[in-house]
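Here is a walk through one protein model, written for someone who would rather look at the fold than read a table. Keep the viewer open and follow along.

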Amino acid sequence: MKEAVDTIYGNRVRIRICGILIQEDKILLINHNGVGEKGSLWAPPGGGLEFGESSEQTLIREYKEETGLDIVVNEFLFVNEFFAPPLQAIELFFQVGILGGIISKGFDPEMTADKQIIQELRYWKFEDILLENPLLFHTIVRNSKNPKDLLSRRGHFTHF
């Protein structure tokens, strides 16, 4: 699976738009196969900005594709720069809220049906995240102690 991810997303800079959804002090995360240091990564929903699309349009589309949820894009939070060759991304994070829809595991349209990287979606308590291997979580999640800590982050972060 890692080879497919590297082929499709690698050796170029990708602009990702990501949404942080907190409900009842839990964060919605998606488990991606073939990504991360452990070959599996829990990260907030989001995806690549397409030409002619605004950040808000991208995030609304990506949330629908990946989670089945209709969202409202609220506040811009921060930028995260990620570099782990052959992958490189500039990630823009927004706080989002639910408008409707039914939560369900979605798909990645850039991957074929037999090579889908979205494995699971789940609301995580931060206390439970802290008990797991930190390398299984996106750096912005594993470096946050609780929802308030994550939602109060501002600025530019770099993870090489």
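## Getting oriented

A quick word on names: helices (H or I, at least four residues) and strands (E, at least two) are DSSP runs, numbered from the N terminus. With that in hand, Glu24 can be placed in the loop between strand S2 (22-23) and S3. Keep in mind throughout that this is a predicted model.

## The sheet

Let's start with the sheet. It is open, has five strands in the order S5-S1-S7-S6-S9, and its pairing is mixed. Strand S5 (46-48) and strand S9 (155-159) sit at the edges with a single partner strand each, so one side of each has no neighbour in the sheet. On average, neighbouring strands are turned by 30 degrees against each other, direction ignored. Helix H2 (residues 55-67) packs on this sheet, touching S1, S5, strand S6 (69-84) and strand S7 (87-101). The direction of H2 makes about 100 degrees with that of S6.

Now for the pairing itself. As a reminder, strands of a sheet pair through backbone hydrogen bonds, either parallel or antiparallel. Strand S1 (residues 12-20) runs antiparallel to S5, and three bridges join the two. If you want to find that register on screen, Arg16 has Gly48 of S5 as its bridge partner, and Cys18 has Gly46 of S5. S1 also pairs with S7, this time in the parallel sense and over nine bridges. There, Gly19 is partnered by Phe94 of S7, and Arg14 stands opposite Ala89 of S7.

How many bridges hold S6 and S7 together? The answer is 13, in the antiparallel sense. Asp70 and Gly100 of S7 are bridge partners. A hairpin joins S6 to S7 through two residues.

## Two nonpolar cores

Which residues have the most contacts inside the largest nonpolar core? They are Ile20, Ile27 and Leu29, in a core of 16 residues. Several elements supply at least two residues each to this core: S1, strand S3 (26-33), S6, helix H3 (126-131), helix H4 (139-142) and helix H5 (147-151). A second, separate core has 15 residues, among them Leu21, Tyr63, Val79 and Val96. In soluble globular proteins, nonpolar side chains tend to be buried together.

Ile27 is a good residue to click on. Leaving aside residues up to four places away in sequence, Ile27 touches Ile20, Leu21, Ile22, Arg122, Tyr123, Trp124, Phe126, Ile129, Val141 and Leu150.

## The largest pocket

The largest pocket has a volume of about 830 Å³. Among the 43 residues that line this pocket, Val35, Gly36, Leu41, Phe82 and Leu87 are the closest to its centre. The elements giving two or more residues to the lining are helix H1 (2-9), S1, strand S4 (40-43), S5, H2, S6, S7 and H4.

## Loops worth a click

The loop between S2 and S3 holds Glu24 and Asp25. What is the sign of phi at Glu24? Phi of Glu24 is positive, near 50 degrees, in a residue other than glycine. Asp25 also has a positive phi, near 60 degrees, and is likewise a residue other than glycine. Exposed means over 50% relative accessible area, so Glu24 at 73% counts as exposed. By that cut-off Asp25, at 53%, is exposed too.

Glu50 is in the loop between S5 and H2. Its relative accessibility is 44%, so Glu50 counts as partly exposed. Glu50 touches Thr58 and Arg61, not counting residues up to four places away in sequence. Glu50 and Ile15 are 35 residues apart in sequence, with 8.8 Å from C-alpha to C-alpha.

Last stop: the loop between H3 and H4, where Leu135 lies. Is Leu135 buried or partly exposed? With a relative accessible area of 27%, Leu135 is partly exposed. Leu135 touches Glu37, Lys38, Ser40, Leu41 and Arg142, again not counting residues up to four places away in sequence. The C-alpha atoms of Leu135 and Asn33 are separated by 13 Å, and these residues are 102 residues apart along the chain.

Definitions and conventions: Residues numbered from 1 in each chain as written. Predicted model: local features only at pLDDT ≥ 70, side-chain atom pairs only at ≥ 80, totals over all residues. Heavy atoms only, no water. Pairing = 2+ DSSP bridges. Axes fitted to C-alpha atoms, helices over the stretch in contact; angles between N-to-C directions. Contact = heavy atoms within 4.5 Å. Core = buried A, V, L, I, M, F, W, Y, C linked by side-chain atoms within 4.5 Å. Buried < 20%, exposed > 50% of the residue type's maximum accessible area, 1.4 Å probe, protein only. 1 Å grid on protein atoms, 1.4 Å probe; cavity = no way out; pocket = protein on both sides within 12 Å on 5 of 7 lines; lining within 4 Å. Points joined across faces, edges and corners; volume = space filled by probe spheres on them.
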